[in-house]
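Work through the exercises below with the model open. Each task is followed by a stepwise solution.

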Amino acid sequence: MSLRELCFQASLNSLRTGRLATFYIIDTTLNRNGWRVTDEALERALPTLLGKPLGCVPGYGVNHVAEPQIVGHFITAEKPDGYLLATAEITDPTAWEKLQSGEWGPISVVIKAHRVRCSLCGADVTSGPDEHILNGEAHQVVEDFTFERVDFVSNPAYPSARLITLKAAAVPYEETPKAPMDYPWDADEAERRIRIWAGGPDKEHIDWSRYRRAFAWYDASDPENFGSYKLPHHDVIDGRLHVVWRGVVAAMQSLLGARGGVDIPESDRRAVYEHLAGHYREFGREPPEFRASRSIHSGFGVKPEGGGVEEMEELRAEVESLRRRVERVERLLEASQRPKARPNGLDEVRLAMEEARLRLFGYRRDS
Ligand SMILES: [Zn+2]
Ligand SMILES: [Zn+2]
């Protein structure tokens, strides 16, 4: 495994926030500070960006900041065509807000140059400029360097160096009050209450960043849609958001592959797992082991070698939530069979079944 892969693995394993920002970092053109890096140097320097900090300099954007502040770390880097694109995980919530609002965008890269030449005569100017550079006839060509850090700035040395995209998919873990351990979990009822709590129930009035807090994952490319939110496990009790143990278990089981698993990208699973594992610890329970792939697993999500109280509890929570769903579908069926039922009653039942399936299994059936 190369150094680059190693760094990448290490950072993926510690990925917690799910807040990812991709930047245009640097290219091979002459920058505003009068130097440029060669294509080969950029290629070689690529892996040295992994794990390096993204920060902001004193006083920048946040008045009270008196020393460089680290707001994230780089986890991927690639060089598509003469320029470098890199993704950082943003660990600072304030920085994330500033990126979302567009207040922060331009960045500047800090490098350590190991070999520099004069563009005119080719002299080694690593330890200091020659007369060509000093009198402006030539510029410095960096032939070997490593990345030190990247900072948010007002005036980037490279005009294109700035934020390209943001992506947040796993909802960051948040400690909320706990419902009693045996508090019943009904995902549909919980979602109904959460919609109202978030300003709804109608879509137009929902505060989506509030709504999100009840779930472990959402589709960041379509955030204003109820269907984009998955793995609910919080409920509203006495007007406050609470975490519900049985909901946490159901979400974890679903993530780790029970009943076919939930359809979320492989790259987000770890962060979703960390969120739910945080709730396990809150309830004084050991979270199940993380599994990246759900194909290893089948059946009800109970490891045969495990046994014991916790798994019985998990199983019971799961059976209970299934039972509630079956009851609801039966009620709908009953209603649709009554003579007064609207002609599209069966469609409603089918839709309800589809909806239940979507929630339970995380996918729709093709039909
Ligand atoms: Zn020279
Ligand atoms: Zn949560």
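**Exercise 1.** In which element does Arg269 lie, is Arg269 buried or exposed, and which polar contact does its side chain make?

*Solution.* Step 1: Arg269 is part of helix H8. Helices (H or I, at least four residues) and strands (E, at least two) are DSSP runs, numbered from the N terminus. Step 2: with a relative accessible area of 1%, Arg269 is buried; buried means under 20% relative accessible area, exposed over 50%, and partly exposed in between (1.4 Å probe, protein chains only). Step 3: a polar atom of the Arg269 side chain lies 2.9 Å from the backbone oxygen of Leu255. A polar contact is a pair of N or O atoms within 3.5 Å; within protein, one must be able to donate a hydrogen and the other to accept it, and residues adjacent in sequence count only if both atoms are side-chain atoms.

The model is predicted: local features need pLDDT of at least 70, side-chain atom pairs count only at pLDDT 80 or more, and totals for chains, interfaces and linings use all residues. Residues are numbered from 1 along each chain as its sequence is written, chains are lettered from A and ligands numbered from 1 in the order in which they are written, and side-chain values use heavy atoms, with hydrogens and water left out.

**Exercise 2.** Which residues coordinate the zinc ion (ligand 2), and what is the geometry of the site?

*Solution.* Step 1: the donors are the NE2 atoms of His233, His234, His275 and His279, at 2.0 to 2.1 Å. Donors are N, O and S atoms within 2.8 Å of the metal (3.2 Å for Na, K and Ca); water is not among the atoms, so sites may look incomplete. Step 2: along the chain, the donors have the spacing H-H-x40-H-x3-H. His233 sits in the loop between E10 and E11 and His275 in helix H8 (residues 266–282), so this pair ties together parts 42 residues apart in sequence. Step 3: His233 is buried at 0% relative accessibility, and His275 is buried at 2%. Step 4: the angles among the four donor atoms run from 89 to 159°, and the site is irregular. Four donors count as tetrahedral if all angles lie between 85 and 135 degrees; four count as square planar and six as octahedral if opposite donors are over 155 degrees apart and all others between 65 and 115; anything else is irregular.

**Exercise 3.** Where does Leu231 lie, and what is its phi?

*Solution.* Step 1: Leu231 belongs to strand E10 (residues 229–232). Step 2: its phi is near 60°, a positive value in a residue other than glycine. Most residues other than glycine have a negative phi.
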